[in-house]
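Let's take a look at how two protein chains can sit together. Have the sequence and the 3D view ready, and follow along.

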Number of protein chains: 2
Amino acid sequence: MANKVGIASYGMTKFSRDDIKIESILLESTKNAFQNCSNLNQKDVEAVLVSTNNNSKYLSAVLSEISGIKPKISHSVESLCNSGTNAIVSAYSYIASGLADVVLVAGAERYDSPGQVLEWDNSRGEFKHPIFWASIFTKSYKREYNVRDEELALVSIKNHHQSIKNPNALTKKEYTLDEIMNSKKLTDDLKLLDCSRPCTGGASIVLASENTINHLTDSPVWITGIGQKTTSASFTKNITFSAMESSRISANSALKMSKHKADQIDVIELHDAFSVCEPMALESIGVSSKGKGLELVKEMIVTDSPKINPRGGLMGSGHPLGATGIAQTIEITQQLQSKAESRQIDNPKIGLVHNMSAASTSSTVLVLEN
Amino acid sequence: MANKVGIASYGMTKFSRDDIKIESILLESTKNAFQNCSNLNQKDVEAVLVSTNNNSKYLSAVLSEISGIKPKISHSVESLCNSGTNAIVSAYSYIASGLADVVLVAGAERYDSPGQVLEWDNSRGEFKHPIFWASIFTKSYKREYNVRDEELALVSIKNHHQSIKNPNALTKKEYTLDEIMNSKKLTDDLKLLDCSRPCTGGASIVLASENTINHLTDSPVWITGIGQKTTSASFTKNITFSAMESSRISANSALKMSKHKADQIDVIELHDAFSVCEPMALESIGVSSKGKGLELVKEMIVTDSPKINPRGGLMGSGHPLGATGIAQTIEITQQLQSKAESRQIDNPKIGLVHNMSAASTSSTVLVLEN
């Protein structure tokens, strides 16, 4: 690999259900990323990648113009809910290949994103909303591991609890087990508070080469592992409904590249689009053994140790599709820099990001280290 | 640069005004790319990038599934009319950085692409169709270099003439000067036959690393120069209306990287979205001196030497936005491989692709060699 690639700066917006123009969201998180890095000048930025499911065209050129950047490389990246980490890996490759030294990745979405409905998948019949695959995952996981709804609700309890300390979180509200169990029933197996909520939000991150990054930050965080896999687009092509094959493969690759084992990871951002996703992902990436993911969730609640989804995950923070993977990566970066304020966990050295799309038919896993 | 990157295979669809599903277009050109390369197996393809302005989501995962590929990396790339070369450069960076050895880039568009109207640019007022910037470019170029409409029409004559030998071209029809001059008047300075036409079409290309490519083809074409620049998104931020600043910068970078001069280039694909674009681009990339681009066009007509836009350019071939940059790159590849059949020019060694977006506010230039 020609160049080591690190994270030099980042900026966020608050997550909300507000009706804000996509360009304004992109600009706000990007402004914050510049403010967070006094040595970063617009002329340093050689590539601008926008991550979104928004239908507006040429957003990367628009963001460049309104933020005063004249990049070499500029385009939008879309892969539904893991657009953000796809764009980060693309930025990584521009730097590692020598085509750019500093890359801005800006993710943004509106509450009414067209990426919320899985239109292309005819095998789903009329069941095109993600809640239907989540419902089948839940049914399958419950049956395979003899799990009750009350146990799955612990994910929602934990992640909403953790989101209280995230100043950008959508709701910042705790829920009791009763409130979750009695929230609106959406399918046989899912209640409203088992679901993350699409929202309006932005997250920008600046990646830089080894030679450039020391000029920009005194606490760089390095991307030391990358794993990606797309197994299919259609839900029904999943090999199993109680594990995540693309996540398993991606985590294997990322851990191998970083030369670490799953049990060495200190802090994790997991793609908890629905309650069942958290134990399934923990098991698929190898942090828990099969069927044991919820034990780790329970342990974290009992010990009040938020090592999984410290910002509250997608359930607690909200899920602005194209921004999610970037927001996850920012959280791990802040944790490794000991800049996560009241969310800070104790002295983490190695972090992991897990970001996926559409019933885990595609996953990205990143390993970060400082 | 860690790895040299070459073109291993390619496939096209016919360009038409047909109502074909975007997934079907992507699949057809991709099938042709596999058929064109007997040693290429689905399992070799580690990244699938889709280039399009189509609003459908997750197309890269969909294309992967229907063509039997399970890639690591997969997402869509959008930058209006230079989406195609943006995706090719992204594929290049994945290979050069060592993240992938073989990458499929598939571009596709429908005749009714939402990328045809420049919605974001409020500085255009109601004049959001590209024909309005082209009209101002034409007016400005005519005034600055004392050029008549009849001279600009030579671009249309030449490129439609050259498209006759392109089996995939949209119209394959020659036009006389009278026919062009008397075609429907669209603005003060533009007639219908001064314009390229959006269409339905697909183009797929397979890039591979130096270590892998010899297994796939015995006539690899290498990407030896890359230049990209986005100067703005808004038309009114152009420094001049009679030259293309982003194209000038991109060509300089690409030529410098390839260690060649503009006068060493043997064959060129230029982004002739409108008649005036061909002389302007020739001048901006340094092949002609200022105001002299049309002299080269005349010379090519007189000598019947199609070294610029041998497949007929955008005007003769049609312009399926997200596929155009890939189709241009395929044409130069075929020319360098001496596989361009009746379009073949005499023994070219170095080729150049010029692909741009939205009044040349963004450009990509590639240098190819065998």
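## Where the two chains meet

In this predicted model, 50 residues of chain A are in contact with 49 residues of chain B (contact is when the C-beta atoms of two residues, placed from the backbone, lie within 7 Å). Before going on, some housekeeping: residues are numbered from 1 along each chain as its sequence is written, and chains are lettered from A and ligands numbered from 1 in the order in which they are written. Local features need pLDDT of at least 70 and side-chain atom pairs count only at pLDDT 80 or more, while totals for chains, interfaces and linings use all residues.

Which elements give two or more residues to the side of chain A that touches chain B? They are α2 (59-66), β3, α3 (83-96) and β6 (221-230) of chain A. Helices (H or I, at least four residues) and strands (E, at least two) are DSSP runs, numbered from the N terminus. The top giver is α3(A), with seven residues.

Here is that side of chain A sorted by class. Ala, Val, Leu, Ile, Met, Phe, Trp, Tyr, Cys and Pro count as nonpolar, Asp, Glu, Lys and Arg as charged, and the others, Gly among them, as polar.

| Class | Residues of chain A on the side touching chain B |
|---|---|
| nonpolar | 18 residues |
| polar | 24 residues |
| charged | eight residues |

## Turning one copy onto the other

A rotation of 180° with 0.0 Å of shift along its axis puts chain A on chain B, with an RMSD of 0.0 Å (the fit is by least squares on the C-alpha atoms of residues with pLDDT of at least 70 in both). The two copies are thus related as by a two-fold rotation axis. In chain A, the C-alpha nearest that axis belongs to Ser97(A), 2.1 Å from it.

## A strand shared across the boundary

Now find strand β3 (residues 73-78) in each chain. β3 of chain A and β3(B) pair in the antiparallel sense over three bridges (strands pair if DSSP finds at least two bridges between them). Glu78(A) has Ser76(B) as its bridge partner, and Val77(A) stands opposite Val77(B).

Inside chain B, β3(B) also runs parallel to β2 (residues 47-51), joined by five bridges. Here Ser51(B) has Val77(B) as its bridge partner.

Is β3(B) buried or exposed? Six of its six residues are buried (20 or more other C-beta atoms within 10 Å of a residue's own, all placed from the backbone). Ile73(B), His75(B) and Val77(B) point one way, and Ser74(B), Ser76(B) and Glu78(B) the other way.

Technical notes. A residue is buried if 20 or more other C-beta atoms lie within 10 Å of its own, exposed if 12 or fewer, and partly exposed in between; C-beta atoms are placed from the backbone.
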